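Let's take a walk through this fold, one piece at a time. Keep the viewer open and follow along.

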Amino acid sequence: MRLRLLLLFIGAILVVATYTFPFWQPLVQQDAAVQEIAFPGLALDLQDEFLSLPPEQQRAYLNLRQTEPEQALAMLVAALQPRRAAPEDDQEMPELNAPITAATGTFLTLDAIRSARGTATIFQQADNSLLMRFEDFAMPNAPDARVYLSPASEPATSEEMLAEETAVEVGELRGAIGNQNYVLPSSVDLTLVRSVVIYSPQLDLIYTYAPLFVRVG
């Protein structure tokens, strides 16, 4: 008898819950959404990907959000996308005419969310034309990432990168990962170049740079 009454009671609760579902569903969904938001402003479908980042990266993005919320969100959204690979044609070293290594450097990791690896080498050919090659290169995706040659060896800001008005914009970064080649303008004066910089004009932010050891002058 008691079992029958218990089953009837449970059945009644289920019936009431079913008919009142439209009234309490929004409350449940709201609670679930609140629990899922680890980074405010980030799309819900990217929240789990944010939580999959290393803890130091999560802290760095959240700390940046306190002072630069729009920049932090733009950096994070870009970083959570699949990294854009450099063109297949760039993977192999191109044939050069009696090249010498004119300058070389290694890309630096600047903080937990601006990490990079790889080398930049500038080759000077017999006709004095210059080709710059990145090898084993990798960094996070960055909005509107562009490559610059700078007279500053350790630029921290765009003002330092563009100091003395001798900086050269090489062009759009060809990929966030992979070997890549850049034909440099004939106007480049290697005696004035001290670093290769990856810069986002959209965010006015330097993502990484490689201080160069210049062998010619």
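**Starting in the five-stranded sheet**

I100 pairs with Q124 in β2 as its bridge partner. Before going further, keep in mind that this is a predicted model. That bridge belongs to the pairing of β1 with β2, which is antiparallel and runs over 6 bridges. On to the next strand: β2 and β3 also pair in the antiparallel sense, over 7 bridges, and here T121 sits opposite R133 in β3. The two strands make a hairpin with 5 residues between them, and N128 in the turn takes a positive phi of about 75°.

Now follow β3 over to β6. These two run antiparallel and are joined by 4 bridges, with F134 standing opposite Q180 in β6. Put together, this gives an open sheet of 5 strands in the order β6-β3-β2-β1-β9, paired antiparallel. β6 (180–183) and β9 (213–214) are the edge strands, each pairing on one side only.

What about β2 itself, residues 117–124: how many of its 8 residues are buried? The count is 6, so β2 is largely enclosed by the rest of the structure.

**Into the core**

As a rule, nonpolar side chains in soluble globular proteins tend to be buried together. In this chain of 217 residues, 38% count as buried. The largest nonpolar core has 44 residues, and I122, M132, F134 and L149 are the ones with the most contacts inside it. Strand β3 (residues 130–138) supplies the largest share of this core, 4 residues.

M132 is a nice place to stop and look around. Leaving out residues up to four places away in sequence, M132 touches T121, I122, V147, L149, V170, Q180, N181, Y182, L184 and V196. There is also a second, separate core of 6 residues, and Y148, V197, I206 and Y209 are among its members.

β3 has an oddity as well. Most residues other than glycine have a negative phi. D136, though, has a positive phi near 55°, and D136 is found in strand β3. Is this residue buried or exposed? With a relative accessibility of 55%, D136 counts as exposed. A98 is another non-glycine residue with a positive phi, about 45° in this case; A98 is found in the loop between α5 and β1 (100–106).

**Across to the four-stranded sheet**

The other sheet to look at is open too, with 4 strands in the order β5-β4-β7-β8 and antiparallel pairing. Its edge strands are β5 (168–172) and β8 (205–211), and each of them pairs on one side only. Ignoring direction, neighbouring strands of this sheet are turned by 25° against each other on average. In the middle of that order, β4 and β7 run antiparallel and are joined by 5 bridges, and S150 stands opposite S195 in β7.

Aromatic rings are worth a look here. Searching the whole structure turns up 6 aromatic pairs. The ring centres of Y148 and Y199 lie 5.8 Å apart and the ring planes are at 85°, so this pair is edge-to-face; over 60 degrees is what earns that label. Y148 is in strand β4 (residues 146–150) and Y199 is in strand β7 (residues 195–200), so the pair ties together parts that are 51 residues apart in sequence. Both rings belong to buried residues: Y148 has a relative accessible area of 11%, and Y199 comes in at 9%. Elsewhere, F107, F134, F137 and Y182 form one aromatic cluster. F134 should sound familiar, as one of the residues with the most contacts inside the largest core.

**The helices, and a step back**

Finally, turn to helix α4 (residues 55–67) and helix α5 (residues 69–79). Their axes come within 6 Å and cross at roughly 150°. How should the two be described? Angles over 145 degrees count as roughly antiparallel, and α4 and α5 are therefore roughly antiparallel to each other. Y61, L64, R65 and T67 on the α4 side meet P69, Q71, A72, M75, L76 and A79 on the α5 side.

Zooming out, the chain has 6 helices and 9 strands. Among contacts with a separation of 6 or more, 64% are between residues 24 or more positions apart.

Methods: Residues are numbered from 1 along each chain as its sequence is written. This is a predicted model: local features need pLDDT of at least 70, side-chain atom pairs count only at pLDDT 80 or more; totals for chains, interfaces and linings use all residues. Side-chain values use heavy atoms; hydrogens and water are left out. Rings of Phe, Tyr and Trp (its six-membered ring) pair if their centres lie within 6.5 Å; planes under 30 degrees apart count as stacked, over 60 as edge-to-face and the rest as tilted. Buried means under 20% relative accessible area, exposed over 50%, partly exposed in between (1.4 Å probe, protein chains only). A nonpolar core is a set of buried Ala, Val, Leu, Ile, Met, Phe, Trp, Tyr and Cys residues joined through side-chain atoms within 4.5 Å. Contact means heavy atoms within 4.5 Å. Two strands pair if DSSP finds at least two bridges between them. Axes are lines fitted to C-alpha atoms, for helices over the stretch in contact, and angles run from 0 to 180 degrees between N-to-C directions. Angles under 35 degrees count as roughly parallel, over 145 as roughly antiparallel, 65 to 115 as roughly perpendicular and the rest as oblique.
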